[in-house]
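Please open the structure in your viewer and display the backbone as a cartoon. The stops below each give a selection to make and then describe what is found there.

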Amino acid sequence: MWKEGRMKRLKVRLVKSLIDEKEEHKRTARALGLRRVGAEREHADTPVIRGMIFQIRHLVEVEEL
């Protein structure tokens, strides 16, 4: 998790629409700051964020920074 004194970052991009998705998945995407297709956000690489990404992995692309 720690590399040279800095925490790794993840760039998360919503690539599929939230229409017809479970309400729980919609809430998870919104909690990550992803409101519309193409939206990108950077987050710290923590177990909590990884779990949220895992839950909606079929909707997002993730890049390690």
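Begin by selecting Arg 9 and Ala 44: Arg 9 stands opposite Ala 44, which belongs to strand S4. The model shown is a predicted one.

**The strands**

Extend the selection to strand S3 (9-14) and strand S4 (40-44). S3 and S4 pair in the antiparallel sense, over five bridges. Now add strand S5 (60-64). S3 and S5 also run antiparallel, and five bridges join them. Within this pairing, select Arg 13, which stands opposite Glu 61 of S5.

Next, show the side chains of S3. Which residues form its covered face, and which its uncovered one? Leu 10, Val 12 and Leu 14 make up the covered face of S3, whereas Arg 9, Lys 11 and Arg 13 lie on the uncovered face. In a regular strand, side chains alternate between the two faces of the sheet.

**Helix H2**

Select helix H2 (47-55). Its buried residues include Ile 49, Met 52 and Ile 53. Around the axis of H2 these residues cover an arc of only 100°, which puts them on the same side of the helix. Turn to the face directed away from the buried side of H2, and the exposed residues Pro 47, Val 48 and Phe 54 appear. To see what covers the buried residues of H2, display S3, H1, S4 and S5, which are among the covering elements.

**Helix H1**

Move to helix H1 (residues 23-31), where the buried residues are His 25, Thr 28 and Ala 29. Viewed down the axis of H1, they fall within an arc of 100°, so they line one face of the helix. The face of H1 turned away from this buried side carries the exposed residues Arg 27 and Ala 31. Helix H2 is included in what covers the buried residues of H1. After H1 comes Gly 33, which has a positive phi, near 90°.

**The nonpolar core**

Finally, select Leu 32, Leu 34, Ile 53 and Val 60. Of the 14 residues in the largest nonpolar core, these four touch the most other members. S3 and H2 are the elements that give two or more residues to this core. In soluble globular proteins, nonpolar side chains tend to be buried together.

End the tour at Val 60. Which residues does Val 60 contact, leaving aside its neighbours within four places in sequence? With those neighbours set aside, Val 60 is in contact with Val 12, Arg 13, Leu 14, Val 15, Leu 34 and Ile 53.

Conventions: Residues numbered from 1 in each chain as written. Predicted model: local features only at pLDDT ≥ 70, side-chain atom pairs only at ≥ 80, totals over all residues. Heavy atoms only, no water. Buried < 20%, exposed > 50% of the residue type's maximum accessible area, 1.4 Å probe, protein only. Helix = DSSP H or I, 4+ residues; strand = E, 2+ residues; numbered from the N terminus. Arc of directions from axis to C-beta. Contact = heavy atoms within 4.5 Å. Core = buried A, V, L, I, M, F, W, Y, C linked by side-chain atoms within 4.5 Å. Pairing = 2+ DSSP bridges.
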